[in-house]
Every structure is written in C-alpha cells, then in structure tokens.
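Here are some notes to read alongside the model. Keep the structure open while you go through them, and find each residue as it comes up.

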Amino acid sequence: MNSTPSSPPSPVSSQPSRKRQRSSSMVSDTSSSSIKRSLSDGPSQDCDPLSTLSLSDLTLLPSSNARYGSVPPAEKVVRVESAKAESMKAGQTWYLVDRSWWKRWRKACTGVVDKEGAVTEEELGPVDNTAIVDMNGNLRAPLSDGIDFELVPQPVWDDFALWYGEPKHPVPRTVVLRGEQKEPTVELYPLRVSVLRMVRVRSSSEAEPLCITMSASATVATLYSTLSKKVFPGNMGPFRYWRVNAPPSNGFTCQEFLVDDVSTYECEEIKGSGKTLEAVGFSRDDVFVVEAKDDGTGWLFRTADDPAPLPLLAPAAPIVSTTAPLFPSDQGFFAKMNASTNPSQPHPSPPRNASPFSFSRGSTALSSINKTIEPGTLGLGNMGNTCFMNSALQCLAHEPELADYFLNGVFQQELNPDNPLGMQGAIAEAFGALLQRIWASTAPSTSYSPREFKTQLQRFAPQFSGYQQHDSQELVAFLLDGLHEDLNRVIKKPYVEKPDWEGGGDLELVQLAQKSWDGYMLRNDSVIVDLFQGQYQSTLVCPECQKVSITFDPFMYLTLPLPIQKKWKHEVLYVPWDVTKPHLKVPVEIGRDASFRDLRQLLGRWMDVPPDNLLTLEVFSSKFFKSLDDGLLCGEMSGTDLIVCYELPCHAQQSRTYKKQPDDPLILSVYLGELKPPAARLTYSSNNTVTHFGHPMIAVIDRKDVTDADAIYGAIVARLERWVNNPRDLFTWEVAGPVGEVQPIQINGVPPVDSLVEIKANGDVVEHPVEAPEGDITDEKSFIVVEDEDLNMEPVLIPEPDLIQVGPKRDIFQIKITPNTTDYGTVGGNVSYIHHSRFDTFEARAKDATAMDEDDAPVLLRDGDQLTCEFDENMKAFYFGGYQKAKYELWEKFVHPEYEESQRDAEAKKNRGISLQDCMDEFTKEEQLGEDDLWYCPQCKKHQQATKKFDLWKAPDVLVVHLKRFSNSRTLRDKIDAFVDFPVDGLDLGDMVGERSVAKRLMENGVSLDGLQLPNLEEPLIYDLFGVDEHMGGLGGGHYRAYALNHTNKTWYHFDDSFVTPARPQDAVNANAYLLFYRRRTAEPLGGKTQAKIEAARLRCQTNASEPGIIDTTNDASDELGMQLHNFLPRSTSSTSMSSPSSMQDEPPDLEEDLDMLDPLARASQRFDFPDPSSNKASPASSTGAEGDPEMYSWPQPFNSSSFPQSSPTWSPMRSGGTLELHSSSPSEGSDSLNPFHDDASLHLNID
C-alpha cells in the first residue's frame, strides 16, 4: 500500500490531551499563525532541518481503493479523536483538513442530522482542501484552527486516504519547537523565499525567480545549500549569499540579478551558520541572491575584504569615503550578536541572552551610501504580516519620555536580567536598539526591517511567531509588560497582602488607595510604571445584604467598550401557556454577546411572567432542533433560525443553576406526524413511517399522572387546542340540565331542530312543529334566526344551552414514544433519537411492567421521552386542513413599547455619533455580574450576582486607550467599524478621575491633604494626542497603520510600514482608530523617578567635559548605526502644550543669533532665569545630553515636551555677550561605549 511519508509513530503521551493557546481579542482564536500544544513529558526532540514536505513528496492512495466500510463509523470517530488528542512531538508531520469536509465526516460517522440533512459515507468522498488553498496550491491566509481547518496526525491522514480515497490538495505541516520554552508547534506558514542568480550581463533568458519553501527551524547553512542547488545545479561553488534589503515594490521578474544592482537594492552578504532561520530573523518573502566565484576572475562583486581589485569590476569598486562604514565586517545587526563568543573585539559584548545570533557576517555594499533622514521618520519594513507590530512600535517610539529614557542609555543601568517574570533583558535591549535606529538622522535607507526585535519577540512570545496577522493591542500589552519586567528596579519581590475596604468615608478611601498603590510599588517599579500605569477603583455591592467591597488595582492601558455594540435582532415566536391567549411574533433587539438567559429575562419582563418559566428552543422541520440554554449566545443564531419561547406553568428547568427535585413534573416535547397508509410504507423502515408537520408542542405531565394513559392523553389534547381549526371537536360535550336528565347533543353543540317559535305582533307565542327532511344536515349555526318578512321584525336570537365538557375524544391520534432523548427531544446532534429504530407505546410499556410482576401501576412516561401524535390523513385534514389557514401559520405581531423606544434611541445616537466621552461613560457604567461570574459575599457567606462598577482613580502620565472594536465569542467574530470622535488636543479627564474628586470634597470639608499624596488640583488634567494605531479591514486580517507626532519638529506623520508621509493631526481621527496614545499636559517633567534618572545621566555626560567651558561628547566610530551630528534641534523642558504644532525646520538655527536653539549641553553652562515654583510657569529641567559625531550620526535632542502645543510661557537662557566656538576632531579607535550620546569622535562647544 502506498502512503505518504511519515515519521515513526510516537507512543501515546501520558498527558490526556493537548493544549491549544490562542490570543484573547482579535482574532482571538485567530491571532496566532501556528497551533500550539503541550510538550510531552519525554525529552524534547530536535527539528528536522528540511521539515516541510512538498506536494511532490506525497504518494496517496487512488480513490478506487477507498474502503470506508472496513471500520465501523463509531470506531472511526474514537480512533481519530484519540489520535488528535495525543501530544505533538518535534519533527512529526500533521495535515490540515478543511473544516467543511471535517464536519460532513463527523455527521456521516455519528448519524447526526442537521438542517442540511443527513450525510452518508458513500456521499462523503475523499478529503477536499480546495477551500483553504489558493489557485497555486498555497495555504490561504489568515486561517484559524478549529474554525477553518482541523489538524490531524499522519496516521489519521493515512486512514482517511485508505477509507475515502486520494485526498485533494494535501497540506502537510511539520511540528517544530518554538520560543524559549521549546513548545511543539505546527508551522502553519513555513518560510517562503525567492532566489536569484548574480550575473555580469543579463542573458536572453526570462526565467522567473524561483521560490523555496522551508521550515523556519531549518539552519541557514541548509537554506543556502538549497538555494545554490536551485540556481547553480551541478556547480560545487564556492558561493556567496546576499539578501536584498530593498527589493522593488513590484518584485523581481527575472531570475538573473545584475552585479551592478547590488548597491541599488541594498544587498547584504550574510554568511551561513548552524542557527535556525527563525533565530536569525529571516522573513517570509525575503529575496536572496547567490553569487558563484569564477576560477579565473574571482567574485563578481568586489568587497573590502577581497584581496585585490578585479579589472572587470572597476566600475563597482568601493567609493572612498571619510564616513565610517554603516555595517563594517565585525559589526552590525547579525555580527554584533557574535561578540559574546569573541572577546577580543573592540566592540563590547552585548548583555547575556541578548539574542540567539552566533554567526558572523561578511561584507556589505552599503558602507558608503548613508543618507540623511529626518529623525523619527524611519519606516519599518513589513516582514510578512508584521504591520500589527510596526504600527505599535511607531506609536511607542514617539513617546518623548520613553524614547529619552532609552536614547540616554538609562535602560542599560536598570536591566534586570535575573527577573523570573522578565525576558532576561532581551526585549528591553532589542527595543532600545530599535529606538536608536528610528531616531537616527542618517541611515542607508528610509526604512528598516526590525528583524532583531521580532526574533526576540517570538523567542519569548511564540504566539507572535510565523507570518500571520495578530492583534496590535496584544503586542502593545505584551511589550509594555515585558519592558516593565526587564527594567523592574525591584530585584527581590516581597510578599504583599492586598488591603481590604473596612468602611468609612473619603479619607479612608484615599488611605486605602494609597496603601494599595504603595503595596504594588513594593513589587513593581520601572519606567513603565512611572509613565504608563494608573489605578482604577472597583466597587462591588451585594444585592442581598448591601455589603460594599472596594478594591484598587493598577492598569497599563484603558480598554473602553463602544456604546453602540452590535445588536442581535430577531423575531421570536412566543407561545403562552393559556390557550385562549394568542401566540405572538415578538421583535427583540439585544446585545450579540447576550445569552438566551438574558433573552428570557427580557421576554419575561415584557410578558409579565417569571423568566424561569420560559423555555427557548429552535424549531426546524416541525421538530425541536436545539435547546437554547443559558450557555448559548444570541449572536450565534442566524437571522433565519426559527426561535420559539414557550411559557410553562412551572420552572422550565433550562437554567444552569436549577437543581432538579423528585416531584418536578415531566416536561416533554410533542411532535405532530401524519401516519402513512400501509401501502405507502411497505418500502420504508419503521423510523420513516411518520412525516412531521405543524408546530411542535411542550406538554407538562405531573408525576402522579405518569401511570395514567387517559391523563397523559388529555394533557396532550389540551395543548392541541391552540393549533387545530376545530378545537371544540377535540372533546365530547353534554347539555347541562336537572340531575338525571342529561341529554346527549350533537357534536356541533346545536340541539335538534324540531319546532319553530313565532312571536305575534300582540305578543303571543306560537310554536310550529317542523320535521327535518330525511338526509338533511343539521344547521351548524350557534343560534336560530326566525324572521317574519311580512312584519319586517328584527331577528330573534335563541342562545344555545349550557354545555358540559365530558372529556377528550378518543382515537383522534395515536401516541408513539421515543425513549432516551435529551434536551427536550431536540434533533440536532441527538444521535440516540436519530438511530432509534423503534417506538414505544403505552400498551407495550404496560405489558412490560406486567411481565416484570410489578405491583405498582406501570409507569408509562419517563424522563427523556419524546412523544409523537400520529394523525391519519382524514383526521389531519379535519383538524388542520380545510379552507382555513392552519393556526400554526398565523402569528399575531406584538411590539413592546420598550422595543420601540430602543429603536428611537438607536436612530438618535446614529445621527449624533459616538465620542470618546461616551466610551468612558460606558466603561464606568454600573452592571450586574453574570451567573458565570458570581462574587462571594463575605457577609452573606455565599456567591451573589453583585453589581460592579469601575472608576478611574489615578491617571497615568501617558494614557493608552484601547477601543474595543473586536468581539470574539466562540464562533462569533466581528468588528465594530463605528466612527469614534476623540480630541487631538485637550482631552480633559478632570471630572473622570476619582482621586481629584475626593480631594476636592476633602478640601471643602476642611480636611488637610498633607501626607495623602493627592494631585495638585490647581493644574487641570489635560491630555494631548501623540499617536494613533489604526486597523483597516475585518477580524483576523486587514492592515495596521499608525499616525504619530514627531516632537522634535512638531510634525505629524503617517506610518504605513516602510512608507512614511507627513500628515495633518486631524487625519488621525477616523473610523479606523484602534489604539489612542495620549500624553499629559503639565508644567512639571513627566515620569517622576524616571525623569530624575534621565537628568542624572545627562549630568554624567556633562562631567566628562575635557576642560572648563568645553563640552566633550564621544561616540563609537565603529558603531553600526553610523551616528553623526546632523543639526541642532530645539529643546525645552516644559511639557506644556501649545495650540498647534509648527512645521519642520529646513535648516539649523543660527547659533550666534539664537542661543535659545542651542544644544542642551551648551545651554547647561549658562545661567537661566528660573520661574517661581509657585507660579504657573513651566518648571525647568537641566539638559546635559550630548549630540553625536557630525561625521557619523545625528541624534534628536533629549526628549521633552516642547513639541507639544503650549499655553504658558517657557523658560529661556539669559542672553549675554560671548562667542561660541565649534570644534570637531577625528574619531578615535576602540571605543567600547554603547551609549548613543557617548562618542569617541568629540565635538567641542567652547562658550565664552
């Protein structure tokens, strides 16, 4: 038997199941590019270097060999599910199976009948993955496990091929180990790169570039070997390998790459190593060029490392430049991670665990093509669906204080690599290196691909591995938390007990909040806490004893719900228990995340019945299809589903919290069926003899009546009254009269007509005997009209006599019982019902009880029974047919006033729009906890559905607002695209923050605020926008972009991966806004302790001046970033905002004419006129950071708030006569400083 290649079968893991990790928001279950399962208890295995199989490697069984009948269906299900539950092992091959085919297979093997009908294995056919691959056979993106496909191991795939024939479009994937914890992961999207061949002169060949698909766990050496074999078959080398860093926007169209284009497309030579492709940061869709060495002429492209120039390459000889190379042979992104293995290098070794890079790089064609760019405008290249990361990084990089902290090198002093909750300092170092690039003033290109950062990111967060789209907010949350732990100043965290609220007033509330914050700070103290973390207040109130519980917790970003969450609209059919009341069609509108318990509570309020007495079911094909219980969300039902709510005279027993009692009545489903005549059912099995029709019913049978067939029959007839056209004909009637004179009457309730009564004009009454003609049908009118046409008198109405209902008629229908059903006899997924081949009857059950010699009356009904009333065709025609429309087709419309009001409010809100304040109000709105989220009341000693309310208590200096646009509830995935209006300048949170309100009340009551650490109430709490992370498209896909304010030139920019363009601040306010970044407007420096450390770092730079009055700044001449002093940027320590940003400066200011615009280091030796601290003027802060070497790199000024709109005067230096001398010396060798403001090339500012 032919089969696909497989790895040796692994033993069944000791773990009972695999674990899947999915992201919590966007995509939620859709945010990961790979599927993770728990590592088995055994030792981990190394990955197969060439672990991705191509379609040509597969040998599948022909469909003619399909043998689906070789294994019973039930055994197939157990066999497949048990294999899927095994833990993954590195190197195994798993296959993707289209979810649609998978569901059909389960239906065929389990016998479940859904709305699409039954499926047999004969109809199933082979596995078909057409829906999840594109026209080229590549896997579509984005896809999610459990929603778009199922993963099965190799043995299951082989079974499918054996049972059902050759699969269509096999998609094999290999299990690799990812992340710091080496989690076994299915590599959903392997690395796919293009390869070109370097030539001097392009031939006439127009062959397209070749593509190579390879696992990210393969080594660089293996990749290079594969590349060279593809473009130089039979050539043994040697070869050099170049990565193209700036390919054309429309890609390469030819397989041949001209040597003259090496510099044009910024090619970079990378030497091979034993590291994996994922570890070195190779990206999906990277382009590589293979260069073969010629025995006669040598390499096609000459580099600085080549021994001698080659005549043929004279035009491509390196340009002599005084500028140090941007990527020298012993430096750079790839080589600097080798320093730990080569201590003799002048460049210092990076901190431990900085990166898994360990191979050296060769030469580069970029050493002489550095270009000047505006600091902070560097684009970030998309490395395969990494726009979610790029947009978030741009927003965070443009936070002035955070950038100032990293660019001044303060983070290196605060690294905490031993923190078990951190990332060994690697995330902080990678982020710091990225900020240095972003804020550089020269670069080889206007964009940069942050490979090192992504490598470290996926190293510690495997959920971000691969090349699938993720949620930008999740990246921000992980990055801020990772930076916090990497830079946590607390080395050993003590145990801190959270304080409890013991009652009191405002003063006690303030003390509790401060105690909670102090306890938090004992374990958490970092730049992230100083800038990004605030505190919110959570209040719980017990609905029974009114116990109040107040807690205070920190937050790093504020998630705000949108007040116009998408609604679920439906028309629900409502059936009252009282048959005299009409059955109704009720339009409802409720949140899509609301459960059917919420819907029953709504209907109960509208219908004035207890919600627990309502039963919600889905009806399909005249049967109950699904029980709509508490755990089901309304949004999971489609608009065409038929939803029916039944009112019962007792508890419906559908609530999760309900505990059944012994005397609970039986709640049974009752179907209507037409019994086929014997001749019509000769070819049918016993379970196909009934055709269901009409509307299903719910019958409630008391426990005392389960032994009485007549009582059961009567209960069913009572439910039938609602649905038949002749309800009175369901019963036998008698005329009420004296005792002993009961007179039988006809079925229509009208007595025999044997006389007529005439009333004369004079009032005499004359009776005329009348004989009904033989064979005449008695008039069925409910009264007799006697009219004397001659006298033209009004008709006389004779009321019918009083009637007594004797009981239901017998033999209207037959009752068949289907035992052992679940969920009120629902058909959807009810295998026992589908496969039940016989019905029970009352007579059969009574006979069985007699045979067992039971003394008590036989029990005719049990829990789990489902009843079917079978009508013959005549009875069906009489009760449900006729000229009238069937009653189960007639529903009276009922519109509740509350529904009408909600429609009016929705229309008004639509016209008004949504503001950020509306979202804030929604966040602070009081709500009741759900049944699955109960709170334990310490006073009641039980769990309660308490009311809960959130309030902002302490606002951070930098406020990150997350607009909750994505909803992800099991199969419900959606995005809210509503426009939210938010201010660019002047977001006022003064009335929203609790500590300020409490402080005002305490002051009004004469309470001293000393020692309470409350904010300055005289300064308003105003925020200004500096960044927006926006998302376009739907959930699980789309595209992320960012807007950010460059505080050095006061210009807004739009960042679309590598494309950066100036923008207006109003452009950021759009319907795509997802994350908002606000910065507090204040006269004091932001960041608290962090700001003090930044200033201390600047002072240390100042003390390194070579002589009095001279400021000496140094920079490593061999720094890979090639820093140079580009210009002097304006600097002010005030963070007070102005009304609008100014435009970018085109030229450096005149240093002689405008000393205010001087470098902060030069300003440090001047005298300044500081404002009075008690005044409203901004407070100064000394600025001692130094600029870089003008030959190398220009660094922006240490960041502060001068770029933001200002409303108050700023401080300025006192002007005095003097001269300024600017001296530049050549760079020195062997510097070991990583501080971007410490430069061996010295810049001397001599100020008289």
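1. Let's start with a word you'll need: a residue is called buried when its relative accessible area is under 20%, and exposed when that area is over 50%. Keep in mind, too, that this is a predicted model.

2. How many of the residues of helix 12 are buried? For helix 12, residues 451-460, the count is 10 of the 10, so the helix is largely enclosed by the rest of the structure. Have a look at who is in there: the buried residues include the charged-looking names R451, E452, K454 and R459, along with F453 and F460.

3. Strand 3 tells a similar story. It covers residues 149-153, and 5 of the 5 are buried, so this strand is also largely enclosed by the rest of the structure. Which way do its residues point? F149, L151 and P153 go one way, E150 and V152 go the other way, and all are buried.

4. Now find the neighbour of strand 3. Strand 2 (residues 93-98) is joined to strand 3 by 5 bridges, and the two run antiparallel. If you want one pair to click on, take Y95, whose bridge partner in strand 3 is V152.

5. On to the rings. The model has 45 aromatic pairs. One of them is F282 with F288, an edge-to-face pair with 5.1 Å from centre to centre and 65° between the planes. F282 counts as buried because its relative accessibility is 3%, and F288 counts as buried too, at 0%.

6. Compare that with Y713 and F813. Why is this pair called stacked? The ring centres are 4.7 Å apart and the planes sit at 15°, and planes under 30 degrees apart count as stacked. Y713 belongs to helix 17 (residues 709-720), while F813 is in the loop between strand 33 (803-808) and strand 34 (814-818), so the pair ties together parts that are 100 residues apart in sequence. Both rings belong to buried residues: Y713 has a relative accessible area of 4%, and F813 has a relative accessibility of 5%.

7. Rings can also join up in a group. Ring pairs link W101, W102, W105, F160, W163 and Y164 into a cluster. Try selecting those residues together and following the links.

8. Last stop: charges over rings. R719 lies over the face of W577, 3.6 Å from the ring centre. You'll find another case at F693, where K876 lies over the ring face at 4.5 Å from the centre.

Notes. Residues are numbered from 1 along each chain as its sequence is written. This is a predicted model: local features need pLDDT of at least 70, side-chain atom pairs count only at pLDDT 80 or more; totals for chains, interfaces and linings use all residues. Side-chain values use heavy atoms; hydrogens and water are left out. Rings of Phe, Tyr and Trp (its six-membered ring) pair if their centres lie within 6.5 Å; planes under 30 degrees apart count as stacked, over 60 as edge-to-face and the rest as tilted. Buried means under 20% relative accessible area, exposed over 50%, partly exposed in between (1.4 Å probe, protein chains only). Helices (H or I, at least four residues) and strands (E, at least two) are DSSP runs, numbered from the N terminus. A charge sits over a ring if NZ of Lys or CZ of Arg is within 6 Å of the ring centre and within 35 degrees of the ring normal. Two strands pair if DSSP finds at least two bridges between them.
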